[in-house]
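Please open the structure in your viewer and keep the selection tool at hand, since this tour moves from the whole fold to single residues. At each stop, select what is named and then read what is there.

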Amino acid sequence: MNERETLKINGAGHLEIGGADAVDLAKKFGTPLYVFDEAHIRNMMRVYKSTIDTEYDGNGLTLYASKAFSCTAIYAIAKEENIGVDVVSGGELYTALKAGFPTEKIYMHGNNKLLRELEFAVENGIGNIVVDSFSEADILDGLAGKRGVKQNVLIRTNPGVEAHTHAFVQTARTDSKFGFSINDGAAEEMTRHILSKKNLVLRGYHCHIGSQIFEKQSFVLAAEKVMDFIAKMKKSLGFEAAELNIGGGFGVWYTDDDPKLKLNDYADYLKALISAVKAKAEEHKLNKPYLLIEPGRSIVGEAGITLYTVGAIKDIPGIKKYVAIDGGMFDNPRYALYQSKYTVLLADRANEAHTEKVTVAGKCCESGDIIAVDVPLPEAETGNILAVLTTGAYNYSMASNYNRNFVPAAVLVKDGKAEYIVKPQTYEDIVRNDVLPDRLK
């Protein structure tokens with residue numbers, strides 16, 4: 001287990017998060033249950049903000065990447081920590097606004113933003129929209145013109161840097177659906193296109209090379225390539241970018257196959273990136289651009305765990321042993337999507353030796369409903385509380401009501417006290433939007 005100050009095994013041999021006994025949390029709130037450690041979330045936000053403040057003279061902004069985990073509470077925390085957010089849909093934007101998040105610190109992404117989403121963004125004065133297609137630029141220019149405003153935009157570029165990560169979460173490959181390549185003239189053409197628009201103000205460029213990256217050099221190389229492109233645009237078009245958004249993608253610990261990073265390690269990633277930007281600015285005689293980063297997983301990933309209750313146990317001698325839980329791919333689809341690996345333990349028997357390897361299976365009517373394969377555990381019994389670690393990112397946000405199961409509730413824990421930040425669903429919630437046509441009544 002990647003122990004930290006607020007995730008440990010207590011004297012009772014139980015898993016503890018944020019000072020709260022996980023077994024007690026399961027009893028009080030039920031399972032499945034998402035649990036988030038507020039202190040860890042705030043510490044991660046602070047390390048990014050403080051590094052920009054000290055290493056880059058505060059000339060930048062950390063944007064929490066909402067897609068990792070979006071609810072009003074996380075935006076309230078980001079607001080208190082004086083950072084910004086990025087959103088990728090009308091729903092995320094609405095949630096941020098509902099939480100009272102300052103619009104000037106909201107950046108909006110998406111490779112195919114819907115008309116209603118762009119209208120909603122412009123109507124609410126969103127600080128910056130990251131443009132990802134020619135048609136989007138045209139629509140956005142028209143919307144801004146109708147409202148008599150000038151909309152700040154960035155262009156999403158593709159620097160062609162391939163980080164060592166899962167193919168599905170690499171976003172800067174040549175064939176990616178995201179961005180405009182800086183290598184084949186597409187990004188320059190898009191720059192000319194936006195500069196021709198009367199109601200759009202081009203602030204600079206964005207790139208994001210992927211997720212779950214542990215190589216500093218990948219971030220450095222991406223920053224260098226985009227800074228070279230900025231210099232090229234200044235020379236050829238007379239346009240010097242005022243902003244550079246380098247995206248996110250900093251990796252987190254899931255299993256002991258991953259590095260166990262500390263707060264200082266994340267600061268070092270950012271320091272290396274900042275050094276590269278400074279060096280390129282000096283090399284090309286550019287102003288240092290306002291620097292934005294978009295960490296999401298690294299802020300909430302290790303801050304979250306999911307608690308389940310063990311149900312049926314099925315041992316197929318010599319082949320496989322299944323330990324079934326009361327959750328599944330409806331609350332965590334990442335194994336089904338990416339074959340993602342997790343660390344699993346029995347929260348109520350966390351000190352016991354691991355004596356067997358099991359496959360943790362969900363309750364869905366689906367053969368692929370698996371949470372973890374061949375994970376070491378003590379011999380589990382029906383009724384045990386099972387914890388899956390590092391589920392704060394892309395679990396709740398990707399959850400569904402598949403098989404009409406409930407999306408689990410979420411609680412936020414601080415100093416041993418837990419409160420709901422997402423209430424439990426009910427059966428009435430499941431059928432709330434169902435409509436019976438008159439001919440079937």
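**The whole chain**

Begin with the cartoon view of this predicted model, in which the protein has 12 helices and 21 strands. The radius of gyration is 23 Å, close to the 22 Å that the globule rule gives for 441 residues, so the protein is as compact as a globular protein of that length. If you turn the model along its principal axes, the C-alpha atoms fill a box of roughly 70 × 60 × 40 Å.

Now switch on the surface, where about 18,900 Å² of the protein is exposed, with carbon and sulfur atoms supplying 48% of that area. Beneath it, 56% of the 441 residues count as buried. How much of the contact pattern comes from residues 24 or more positions apart? Among contacts with a separation of 6 or more, such pairs account for 70%.

**Charges and salt bridges**

Next, colour the charged side chains, of which 51 are positive and 58 are negative, the centres of the two sets lying 4 Å apart. Side chains of opposite charge can pair when their charged atoms come close. The structure holds 22 salt bridges, and the next selections visit some of them.

Select K288 and D57, which form a salt bridge whose closest N and O atoms are 3.6 Å apart. This pair links distant parts of the chain, because K288 sits in the loop between α9 (263-284) and β13 (290-293), while D57 sits in the loop between α2 (38-55) and β5 (60-65), 231 residues apart. Are these two partners buried or exposed? K288 counts as partly exposed, at 37% relative accessibility, whereas D57 counts as exposed, at 63%.

Move on to R147 and E123, whose side chains meet in a salt bridge with an N to O distance of 3.1 Å. Here too the pair links distant parts of the chain, with R147 in the loop between α6 (134-146) and β9 (151-158) and E123 in helix α5 (residues 115-123), 24 residues apart. R147 counts as partly exposed, at 33% relative accessibility.

Then select K260 and D256, another salt bridge, in which the closest N and O atoms are 3.5 Å apart. K260 counts as partly exposed at 42% relative accessibility, and D256 is exposed, with a relative accessible area of 54%. To finish this part, select E38, R42, R46, E80 and E81 together, since salt bridges that share partners join these residues into one network.

**Helix α3 and the loop after α4**

Select helix α3 (residues 72-80), where the buried residues are A73, I74, Y75, I77 and A78. Following α3 you will find N82, whose phi is positive, near 60 degrees.

From there, go to A99 in the loop between α4 (90-98) and β7 (106-108). Which residues does A99 contact, leaving aside its neighbours within four places in sequence? The contacts are T72, Y75 and A76, and Y75 is one of the buried residues of α3 that you have just selected. A99 itself counts as partly exposed, at 22% relative accessibility, because residues count as buried only under 20%. For a longer distance, draw a line from A99 to V407, which are 308 residues apart in sequence and 21 Å apart in space, C-alpha to C-alpha.

The loop between α4 and β7 also holds P102, which counts as partly exposed, at 21% relative accessibility. Draw another line from P102 to G84: the two residues are 18 apart along the chain, and their C-alpha atoms are separated by 8.2 Å.

**Two buried residues**

Select T51 in helix α2, a residue that is buried, with a relative accessible area of 3%. Leaving aside neighbours within four places in sequence, T51 is in contact with Y56, A267, L270, K271 and I274.

For the last stop, select N128 in strand β8 (residues 128-131), which counts as buried at 1% relative accessibility. Not counting residues up to four places away in sequence, what does N128 touch? Show I106, Y107, M108, Q151, N152, V153, L154, R203 and E243 as sticks, and you will have the residues that N128 touches.

Definitions and conventions: Residues are numbered from 1 along each chain as its sequence is written. This is a predicted model: local features need pLDDT of at least 70, side-chain atom pairs count only at pLDDT 80 or more; totals for chains, interfaces and linings use all residues. Side-chain values use heavy atoms; hydrogens and water are left out. Helices (H or I, at least four residues) and strands (E, at least two) are DSSP runs, numbered from the N terminus. The radius of gyration is taken over C-alpha atoms; the globule rule is 2.2 Å times the number of residues to the power 0.38. Buried means under 20% relative accessible area, exposed over 50%, partly exposed in between (1.4 Å probe, protein chains only). Contact means heavy atoms within 4.5 Å. Accessible areas come from the Shrake-Rupley method with a 1.4 Å probe; for residues, only the protein chains shown count as cover. Lys and Arg count as positive and Asp and Glu as negative; His and the chain ends are not counted. The place of a charge is taken as NZ of Lys, CZ of Arg, CG of Asp or CD of Glu. A salt bridge is a side-chain nitrogen of Lys or Arg within 4 Å of a carboxyl oxygen of Asp or Glu.
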